[in-house]
Amino acid sequence: MTEISNETRFLHSIEMGLGAWQWGDRILWGYGRGYTDDDLRAAFQASLTAGIRFIDTAEIYGTGRSEQLLGRFLKETEQPVLVATKFFPMPWRLTKHSVLRALKGSLERMGVETVDLYQIHFPSPLLSPESMMDGMAECIEKGWARTVGVSNFGQKRMLRAYSALAQHNIPLASNQVQYSLLSRQPEKNGTLARCKELGIRLIAYSPLEKGLLTGKYSPENPPPGPRATQYAGLLPKIAPILKLMTEVGQDHGGKTNGQVALNWLICKGALPIPGAKNAAQALENAGGLGWRLSDEEVAKLDEASDPFSPA
């Protein structure tokens, strides 16, 4: 196993972060209808109070609105916050210089001089991992980013990024992928194991499967917006795993389904970044910290969730 580098060590000490996908996103999340900027400010403050200081955003979230809101909230607190954002490889971004220009825009929107983690949001069919990593290396050299990572990269592309950065003596800090009890592909396809082997932090987005694992949705009460269609086939099948999660939570003093789902990811060695639209959701997420499922409970949850992510 590769020893974790000093530059990326801070990421491995974080157990949970806050995802800012919902900040400014009207299409999927309904920003401006069910929640306001004040709600998001309260979610941010509640997270910091609960000890969650790692915030993950992206230039594409709310077409820049998420970064602007985060920048505004950062100015209102004196607490240290670790900031992560992402480069979106749009089709017209064809050179490594696109990476630098995009990060400059993100820094301006947030009103900061550097980010703690800069990530490639998706692989690009037009820009090779090597070219993107050359751009990322320049971001580090300029002091605009402390560490660099990737997102939605399979093992082959992740290893290409890892090797390309090694040419610059820079470690690949992270790979952010969808990972939850209902989406266990990173675990089953070997990505999680390879990350651990190479000292790369696996960051789990959609750790609550866009709200399905909280137990608040059912076939009779589907989630609003596009999620209703996305999960129409899945909702009728998840009652048994939700029931098991409730039972497990009861054995830990009444932990909620969402808290069990987040703790399961922490036990797997991943860093979950659940979103929060308000203070109540932020505090609910924070309840996934400070305790541990037993190995036996993890195994039971694995067994119950196996059918949803076949090997």
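**Reading strands, a helix and ring pairs**

User: Let's start with the strands. How many bridges join strand E2 to E3?

Analyst: Three bridges join strand E2 (residues 54-56) to E3, and the two run parallel. Keep in mind that this is a predicted model. For one pairing you can look up, go to Ile55, whose bridge partner in E3 is Val83.

User: How does the chain cross from E2 to E3?

Analyst: Follow it through helix H3 (residues 65-75), which lies between E2 and E3 along the path. This β-α-β crossover is right-handed.

User: And which strand do four bridges join to E3?

Analyst: That's E4 (residues 117-120), again running parallel with E3. Here Phe87 has Ile120 in E4 as its bridge partner. The chain takes helix H4 (residues 96-110) to get from E3 to E4, in a crossover that is right-handed.

User: Is E3 mostly covered or mostly open?

Analyst: Mostly covered. The general idea first: side chains in a regular strand alternate between the two faces of the sheet. Now the case here: in E3 (residues 82-87), six of six residues are buried.

User: Okay, helices next. Why do the buried residues of H10 line one face of the helix?

Analyst: The trick is to look down the axis. First, find the buried residues in H10: Ile241, Leu242, Leu244, Met245, Val248 and Gly249. Viewed down the axis of H10, they fall within an arc of 160 degrees, so they line one face. Turned away from that buried side are the exposed residues Pro240, Lys243 and Gln250.

User: What covers the buried residues of H10?

Analyst: The cover includes helix H11 (257-268) and helix H13 (295-305). As for length, H10 (residues 239-250) reaches 17 Å from first C-alpha to last, close to the 16 Å expected.

User: Last topic: aromatic rings. How many aromatic pairs does the structure hold?

Analyst: Seven. To read a pair, check the distance between ring centres and the angle between planes; over 60 degrees counts as edge-to-face. Take Trp23 and Phe73: their centres are 5.4 Å apart and the planes sit at 65 degrees, so this pair is edge-to-face. Trp23 lies in the loop between strand E1 and helix H2, while Phe73 is in helix H3, 50 residues apart. Both Trp23 and Phe73 are buried.

User: What about Tyr31 and Tyr35, stacked or edge-to-face?

Analyst: Edge-to-face, with 5.9 Å centre to centre and 65 degrees between the planes. Tyr31 counts as buried at 6% relative accessibility, and Tyr35 is buried at 2%.

User: Which residues do ring pairs link into a cluster?

Analyst: Look for Trp21, Trp29 and Tyr61.

Methods: Residues are numbered from 1 along each chain as its sequence is written. This is a predicted model: local features need pLDDT of at least 70, side-chain atom pairs count only at pLDDT 80 or more; totals for chains, interfaces and linings use all residues. Side-chain values use heavy atoms; hydrogens and water are left out. The expected span of a helix is 1.5 Å times one less than its number of residues. Buried means under 20% relative accessible area, exposed over 50%, partly exposed in between (1.4 Å probe, protein chains only). The arc is that of the directions from the helix axis to the C-beta atoms. Contact means heavy atoms within 4.5 Å. Two strands pair if DSSP finds at least two bridges between them. A crossover is right-handed if, with the strands pointing away from the viewer, the path from the first strand over the helix to the second runs clockwise. Rings of Phe, Tyr and Trp (its six-membered ring) pair if their centres lie within 6.5 Å; planes under 30 degrees apart count as stacked, over 60 as edge-to-face and the rest as tilted.
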